[in-house]
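Colleague: Please take a close look at the pocket in this model, and then go through the packing and the backbone.

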Amino acid sequence: MLRTASLRLIASVTLAVVATAAHAQAEIQMWHSMTGALGDKVGELATKFNASQKDYKVVPVFKGSYPESMTAAIAAFRAGNAPHILQVFEVGTATMMAAKGAVKPVYQLMKDADEPFDSKAYLPAVAGYYTDSKGNMLSFPFNSSSVAFYINKDAFKKAGIDASKVPKTWKEFVATAEKLKASGHACPYTTSWPSWLHIENFSAWHNVPIGTLENGIGGLDTQFQINSPLHVRHITMLGDMSKKGTFTYAGRTTQGDSKFYSGECAMFTGSTSAIANIKRNAKFDWSINLIPYHDDVKGAPQNTIIGGASLWVMGGKTNNAYKGVAKYFAFLSRPEVQMDWHTSTGYVPITLAAAEMTKKSGFYEKNPGMDLATRSLNNKAATANSKGLRFGNFVQGREVIEEELEGVFAGKKDAKTALDEAVKRGNEILRKFQAANKQ
């Protein structure tokens, strides 16, 4: 009798374990680099997806800055415990593309998982950045932004400057910065992402190359060209502003954002994705505008290029986990999800359907400037100089550029010397990447 009861108990426990296992959610680890309001939104997206179905659970994990997260993921892959999804900023694209075997291409992921997927549904200016020469989308274009110029309208008014007449040219910009300084504003201007703003997008906006072979898109045998007379003139201008105290250098990534939304700096150039934290923190009236241009450059302004990041799927995972990742990407592609992401963060809507839905909703009429990223990316048809860039090991290449720019901002180097050195050191990095990834 006792033996029969024990057998029944064992059978009952076994069935319970099997049932629990059958309904357990497969965990999808996603490493990202977003903080503040943007990090909160990443968590919100995962929560909504997790509640929408019972088979998978996306777990976002903040892993530090973009370079830190990418370095951690490479180490984790070698150790056999990489995340399923890794957010990689746009300058890491060439490195990830070359990491064959370490990543699973998105087009292949969606096909294997039998999830509906049409690469033509995504904005060409965004998707093209993450697509190979055969038209295959390799990573998922999650958070794409572009550059923007923000002003503190209250600070302008206090300095006696008409806040409705935002500087359109760099000449007007310098004059405005000097007026703000004269009015007693300690920090007239700062920027985030100096290389992205003042080298990469500056080049596209003025239709001059960053490097040969269509900014590296045409092949690995590319070389930097950021020491042209126009580049030297622009960086000299920033160096002079720094000496006069009308430009405050904040750091290599997003450090300039808080200097603006705290009210410390009156003018700010940064990503359109800064909108989320400016909305949350700024206690003053502000506006978002197109970045200035040098009006003596023929054809300027051209168009800007994207920033932000895409989601790469790491290799070596189970088919079930890949099905979960594919379902999450399908969820993120829904028009209503993308519209919410775009209107909350300032990132562009990644699909044409989401862009159209946002336009029809009347959101832009109620929120002037929120379409700025899309407008600047499409200001003119992209040229070979303005369609983007793809330099190998550009994470390190950009660090070299930033280091040389810092020499100018600190008054230790003139712009010509610094940019010549950036080209020389950057090209050495390109040659090493070329040697390691022969086509």
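Modeller: A pocket here is an open set of grid points where a 1.4 Å probe fits, with protein on both sides within 12 Å along at least five of seven lines. Its volume is the space filled by probe spheres set on those points. The model is predicted, and every value below is computed from it.

By that definition, the largest pocket has a volume of about 870 Å³. It is lined by 35 residues, and those closest to its centre are Met-97, Lys-100, Asp-132, Leu-138 and Arg-390. Three elements give two or more residues to this lining: helix H4 (93-98), helix H6 (124-127) and helix H20 (415-436). Of these, H4 gives the most, with 4 residues.

Next, the nonpolar packing. The largest nonpolar core contains 110 residues, and the ones with the most contacts inside it are Phe-140, Phe-142, Met-267, Tyr-328, Phe-329 and Leu-332. Helix H14, which runs over residues 319-332, is the element that gives the most to this core, with 8 residues. To take one of the well-connected residues in detail, Phe-329 touches Ile-85, Val-106, Leu-109, Met-110, Phe-140, Leu-311 and Val-313, leaving aside residues up to four places away in sequence. Phe-140, one of those contacts, is itself listed among the residues with the most contacts inside the core. There is also a second, separate core of 15 residues, and Ala-148, Ala-274, Ala-282 and Met-370 are among its members.

The aromatic side chains can be followed in their own right. Counting two rings as a pair if their centres lie within 6.5 Å, the model has 26 aromatic pairs. In one of them, the ring centres of Phe-224 and Phe-394 are 5.9 Å apart and the planes meet at 35°, so this pair is tilted. Phe-224 is in the loop between helix H10 (212-215) and helix H11 (229-244), while Phe-394 is in helix H19 (residues 394-409); the pair therefore ties together parts that are 170 residues apart in sequence. Phe-224 counts as buried because its relative accessibility is 5%, and Phe-394 counts as buried because its value is 1%; the cut-off for buried is under 20%.

Elsewhere, one aromatic cluster is formed by Phe-149, Trp-170, Phe-173, Tyr-189, Phe-247, Tyr-249 and Phe-409. Two lysines also place their charge over a ring: the charged end of Lys-63 sits over Trp-31, 4.3 Å from the ring centre, and that of Lys-104 sits over Tyr-322, 5.1 Å from the ring centre.

Last, three points in the backbone deserve a check on screen. The peptide bond from Ala-300 to Pro-301 is cis, with omega near 0°. Pro-301 belongs to the loop between strand S10 (286-289) and strand S11 (307-314). Asp-114, which is not a glycine, has a positive phi, near 60°. Asp-114 is in the loop between helix H5 (106-112) and H6, and H6 is one of the helices named above for the pocket lining. At 68% relative accessibility, Asp-114 counts as exposed. Leu-213 likewise has a positive phi, about 55°, without being a glycine. Leu-213, however, lies in helix H10. With a relative accessible area of 38%, Leu-213 is partly exposed. H10 is also one of the two helices on either side of the loop that holds Phe-224.

Methods:
Residues numbered from 1 in each chain as written. Predicted model: local features only at pLDDT ≥ 70, side-chain atom pairs only at ≥ 80, totals over all residues. Heavy atoms only, no water. Phe/Tyr/Trp six-rings, centres within 6.5 Å; stacked < 30°, edge-to-face > 60°. Buried < 20%, exposed > 50% of the residue type's maximum accessible area, 1.4 Å probe, protein only. Lys NZ or Arg CZ within 6 Å of the ring centre and 35° of its normal. Core = buried A, V, L, I, M, F, W, Y, C linked by side-chain atoms within 4.5 Å. Contact = heavy atoms within 4.5 Å. 1 Å grid on protein atoms, 1.4 Å probe; cavity = no way out; pocket = protein on both sides within 12 Å on 5 of 7 lines; lining within 4 Å.
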